Amino acid sequence: MNISLIDLTKQYELIKEELHDSIEEVLKSGQFILGPNVKALEEEIAQYTGNKYGIGVANGTDALVLTLDALGIGPGDEVITSPFTFFASAECISRVGARPVFVDIDPLTYCMDVNQIEEKISERTKAIIPVHIFGQMVDMDPLLEIAKKYGLKVIEDACQAIGATYKGRPAGSIGDAGCFSFFPTKNLGGYGDGGMVVTSDDELNARIRLLRVHGSPKKYYHECLGYNSRLDEIQAAILRVKFKYLEKWNEARREKAALYTQAFKDLPLKTPYEAPYGRHVYHLYVLATSKRDELLSYLKQKGIGCGVYYPLPLHLQPAYKGLGYRRGDFPVAEELCEQALALPLYPELEKEEQQYIIQAVREFFERG
Ligand SMILES: *Cc1c(COP(=O)(O)O)cnc(C)c1O
């Protein structure tokens with residue numbers, strides 16, 4: 001068998017006709033920038049995530065950058081986030097001229113350890129970016145309490161967590177704003193780049209809308225410097241087709257994740273922990289084992305594609321040498337980077353494929 005870590009072609013085959021129709025409609029309409037599909041998707045995602053507004057932007061990174069910019073965060077400011085995430089969670093902070101300050105992660109959820117936030121707060125701290133990693137939300141209540149106490153903004157990096165919940169509240173509905181990515185492999189992915197900010201804050205909504213079109217409220221009049229960062233009409237049309245299936249797909253991810261976890265119960269490895277406070281939507285199914293590299297090559301040899309998320313924590317990235325962090329600063333994140341291994345998990349993964357993967361993982365540990 002040959003099973004890749006992520007296979008987007010199966011999903012495409014399943015909804016091909018609908019997708020082609022939606023794309024054709026856009027092509028025929030001649031409207032490609034900020035047309036009716038972007039507007040409709042913004043409303044759909046806003047409603048789904050419990051927000052007043054959605055603002056379609058070019059990608060998830062820009063969703064974070066524009067939000068920070070709109071909040072007036074810049075040089076001299078500090079923003080607290082996790083070192084165990086995709087680079088963009090911190091890059092956005094540096095991009096607006098502010099400084100990322102990391103806190104280690106919780107060894108169970110792999111999200112930022114909210115108990116370590118307070119000690120990192122200085123008079124320069126302006127915001128916190130909790131990252132809902134792999135599809136599971138950060139423990140938001142204690143985080144919000146700290147944010148309130150110190151007057152900090154909260155921007156949820158929900159790029160991996162569309163559809164996840166925390167105590168019944170959707171990802172993206174809890175902070176001042178939530179940021180989503182529609183990168184093709186995300187739980188709701190387009191056929192190219194795309195992103196969205198959701199918020200219920202009138203002022204923030206207006207500001208981000210302005211920023212995404214060159215600071216221009218009216219054609220050829222510019223109130224401020226902005227960006228060119230818009231969600232494509234074609235991508236929005238595609239995403240609206242796929243959005244109808246999101247709940248079903250997230251449920252399928254959860255079922256397949258539960259099957260893995262059950263099948264690996266007695267093995268000497270760590271399966272993903274599901275915090276009782278929420279709904280995990282398994283953007284990735286990530287195991288942890290001290291035999292990670294051996295397991296990876298064993299599975300590869302069996303035709304199973306695996307992935308390492310993430311091989312290097314952000315505080316040790318060459319790009320962040322200047323921040324002055326060292327190995328040992330965030331031991332939980334560092335250890336996980338050596339042990340984490342993602343197995344194939346997507347809604348269309350077939351039963352026989354998953355059984356084959358389970359069998360291979362069991363074999364690896366049983367043969368010793
Ligand atoms: C994917 C991702 C992003 C960036 O999204 P893009 O659309 O690729 O720019 C940011 N943060 C996290 C946690 C992500 O997984």
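**Exercise 1. Locate Phe32 and characterise its surroundings at the surface.**

Phe32 is placed in the loop that connects α1 (9-29) with α2 (36-48). The model under study is a predicted one. The relative accessible area of Phe32 is 38%. Partly exposed residues fall between the 20% limit for buried and the 50% limit for exposed, so Phe32 is partly exposed. Together with Leu27, Ile33 and Leu34, Phe32 makes a nonpolar surface patch of about 340 Å².

**Exercise 2. Determine whether His315 is buried or exposed, and describe its contacts.**

Begin with the position: His315 belongs to the loop between α9 (292-301) and α10 (331-339). Its relative accessibility is 2%. Since buried means under 20%, His315 counts as buried. Next, consider the neighbours: leaving aside residues up to four places away in sequence, His315 touches Pro83, Phe102, Tyr320, Tyr325, Arg326, Asp329, Phe330 and Glu334. With Glu334, the side chain of His315 also makes a polar contact of 2.7 Å.

**Exercise 3. Examine the salt bridge between Glu13 and Lys16.**

The N to O distance between the two side chains is 3.3 Å, and the criterion for a salt bridge is a separation within 4 Å. Both Glu13 and Lys16 lie in helix α1, where 3 residues, about one turn of the helix, separate them. As to accessibility, Glu13 is partly exposed at 48%, and Lys16 is likewise partly exposed at 25%.

**Exercise 4. Explain which parts of the chain the Arg254 and Glu274 pair ties together.**

In the salt bridge of Arg254 with Glu274, the closest N and O atoms are 3.7 Å apart. Arg254 lies in helix α8 (residues 246-263), while Glu274 is in the loop between α8 and β10 (278-279); the pair therefore ties together parts 20 residues apart in sequence. Arg254 has a relative accessibility of 22% and counts as partly exposed; Glu274, at 34%, is also partly exposed.

**Exercise 5. Analyse the Arg327 and Glu338 pair, then place Arg254 and Glu274 in their network.**

The side chains of Arg327 and Glu338 form a salt bridge with an N to O distance of 3.8 Å. Because Arg327 lies in the loop between α9 and α10 and Glu338 in helix α10, this pair ties together parts that are 11 residues apart in sequence. Arg327 is exposed, its relative accessible area being 56%. Finally, salt bridges with shared partners join Arg254 and Glu274 with Glu247, Glu251 and Arg279 into one network. The count of salt bridges comes to 23.

Methods. Residues are numbered from 1 along each chain as its sequence is written. This is a predicted model: local features need pLDDT of at least 70, side-chain atom pairs count only at pLDDT 80 or more; totals for chains, interfaces and linings use all residues. Side-chain values use heavy atoms; hydrogens and water are left out. Patches are made of residues with over 30% relative accessible area and no salt bridge: like charges are joined within 9 Å, nonpolar side chains (Val, Leu, Ile, Met, Phe, Trp, Tyr) within 5 Å. Accessible areas come from the Shrake-Rupley method with a 1.4 Å probe; for residues, only the protein chains shown count as cover. Helices (H or I, at least four residues) and strands (E, at least two) are DSSP runs, numbered from the N terminus. Buried means under 20% relative accessible area, exposed over 50%, partly exposed in between (1.4 Å probe, protein chains only). A polar contact is a pair of N or O atoms within 3.5 Å; within protein, one must be able to donate a hydrogen and the other to accept it, and residues adjacent in sequence count only if both atoms are side-chain atoms. Contact means heavy atoms within 4.5 Å.
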